[in-house]
Amino acid sequence: MIALLCLLASVLAAHGASGQRVKVDPEVLSYPGQTVNLRCAFTDATGIQLTMVTWIYEPKDGERINIAVFHPNFEPNYPESTVKGRVSFSPSPSSMASPSIAITDVRMTDEGKYICEYATYPSGNEQGITYLVMLAKPQNSASSVTVLAGSTPVVVARCESADGRPAAEISWVTVANGNATTVTNKGADNTVTVTSEYRMVPTAADNGKDLSCVVKHRTQVKPESFMLKLAVQYPPEVTIVGYDNNWYLGRTNAVLTCQAHGNPPPMTTQWKTMSGEMPDAVQITNNELKVLKVHDAVNTTFVCEVSNRIGTGRDKVTVVVKDTRGPEKGATTGSIIGAIIGVIILFAIIGTAIAMYRKHVNGGPPKYKPPPPKKTSSTARQPIRNADPVAENRPLQDLYFDTPSAEPVTDLDAHYDNDANGGGGMEHYYAAAPSGWDDPGNNEVPPPYAGSGGDPQDYNQGPNVNRGESFVSSAMFV
């Protein structure tokens, strides 16, 4: 199995190598009057004898002919052909390894297939093909065609790309409802002229619509676009405005206006009545008919005729004169409902904005001060006013001291309640003060607490030491 795969790979490799040994340019572009170089080379001649090289020209429509022959033992030969006198091996002298040719003053008719063919031994003939593409920049143009409105399709625009090579591509871009037809014709010197026509059934509504012709060609960097407008001629279309069905006896300055549009623009405007006689109270100025004062004679049908060179258009309105004035036309129900809905939406938006603003303003920390904590013990503590000094009978390390706090502490037992205990002239003791320095009513060390009940409580009294004798404040027991 492996041997079979290796054999298949070697066969494919040999086929690929033999198919690519004659190296040429797949395509060469040129304009008329230039010189083109058609390159050819045999890339790998190992084990192969190169005998002769022949260049063959094959036009698009025609037979193959030899145009140049090279043999290493003879002079180059150029048989009779359309390029004889303009073709030569380049560089000169040439070689079997690279027998390229040059064609000077190329013409549009030189376009076609050029074949570089090697005669080899023992492989036989091997060749490479180059396509010579001749370019000619076309002359592009486009125009609209003035037509009359009708019911049959006609040509409304034409676009042309003349004397180009290769043939150009033409397309149309428009909102009008139509289709295009394209024709290609051969021109002089192998050039091509492409003509495209846009056809449609023209109507008055199509007049002035945009229409674009887009031309694509190989010689252009980008497509060329021609912007056109449809030109449809039609007679005037007429409309009379101003009658509100509320012409009553005695009304003054009632006006009718004759509006018209056409292509070409309307030239003349004429007012008539179906009865043939124009009321005395009527005053006409161009396309405007004014009734100075409405009376019974105005009870008629007014006709407005407008003409251009295509034809005449007309419109009419029948006036009915009423005895009394009718109600004025007010706002319609739809407009009233719309206004109400609009006001509701407006108020809703305003209310939402106010609510969001209040939420934003009140979203910070609370502006009020929370109340002080309540007492949790019902037992009242009273300071002992006449306590005898207590001698120190225990080491200092066993005592508990109330050291100054970094922040003030609220003590609900700090003040003595005179009303509850009946001691009217009692001194106040500031329990929050760690020493007598911060007590505005007592500059000495405050006495310890005593129980409020009849039974004495066990407590340890701190030593009676002056500030001059110790830096430690007296202990406070709770």
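Threonine 285 stands opposite glutamate 288 in strand 24 of this predicted model. The two strands concerned, strand 23 (residues 282-285) and strand 24 (residues 288-293), run antiparallel and are joined by 4 bridges. Their hairpin has 2 residues between the strands, and asparagine 286 takes a positive phi near 55 degrees there.

Strands 23 and 24 belong to an open sheet of 5 strands, ordered 12-19-21-24-23, with mixed pairing. Strand 12 (147-148) and strand 23 are the edge strands, each of them pairing on one side only. Elsewhere in the order, strand 19 (residues 232-241) and strand 21 (residues 252-263) run antiparallel and are connected by 6 bridges. Valine 238 stands opposite alanine 260, the latter in strand 21. The two antiparallel pairings are set out below.

| Strand | Partner strand | Bridges |
|---|---|---|
| Strand 23 (residues 282-285) | Strand 24 (residues 288-293) | 4 bridges |
| Strand 19 (residues 232-241) | Strand 21 (residues 252-263) | 6 bridges |

A further residue to consider is threonine 195, which is placed in strand 16 (residues 192-200). Threonine 195 has a relative accessible area of 18% and is therefore buried, the cut-off being under 20%. Beyond its neighbours within four places in sequence, threonine 195 is in contact with Arg158, Cys159, Glu160, Thr181, Thr182 and Val183. With one of these, glutamate 160, the side chain of threonine 195 makes a polar contact of 3.4 Å. The C-alpha atom of threonine 195 is separated by 9.5 Å from that of alanine 168, a residue 27 places away along the chain.

Aromatic pairs number 6 in the whole structure. Among them is the pair of tyrosine 243 and tryptophan 247, with 5.5 Å centre to centre and 70 degrees between the planes. This pair counts as edge-to-face because its angle is over 60 degrees. The two partners differ in exposure class: tyrosine 243, at a relative accessible area of 23%, is partly exposed, whereas tryptophan 247, at 0% relative accessibility, is buried. Ring pairs also link Phe70, Tyr78 and Phe89 into a cluster.

In soluble globular proteins, nonpolar side chains tend to be buried together. The largest nonpolar core in this model has 29 residues, of which Trp55, Ile67, Ile101, Tyr114 and Tyr118 touch the most other members. Strand 5 (residues 49-59) gives the most to this core, with 4 residues. Isoleucine 67, one of the residues touching the most other members, has a contact list that includes Trp55, Ile101 and Tyr114. When residues up to four places away in sequence are not counted, isoleucine 67 also touches Tyr57, Asn77, Tyr78, Pro79, Ser81, Val83 and Val87. Tyr78 thus appears both among the contacts of isoleucine 67 and in the ring cluster with Phe70 and Phe89.

Technical notes:
Residues numbered from 1 in each chain as written. Predicted model: local features only at pLDDT ≥ 70, side-chain atom pairs only at ≥ 80, totals over all residues. Heavy atoms only, no water. Pairing = 2+ DSSP bridges. Buried < 20%, exposed > 50% of the residue type's maximum accessible area, 1.4 Å probe, protein only. Contact = heavy atoms within 4.5 Å. Polar contact = N/O pair within 3.5 Å; in protein donor to acceptor, adjacent residues only side chain to side chain. Phe/Tyr/Trp six-rings, centres within 6.5 Å; stacked < 30°, edge-to-face > 60°. Core = buried A, V, L, I, M, F, W, Y, C linked by side-chain atoms within 4.5 Å.
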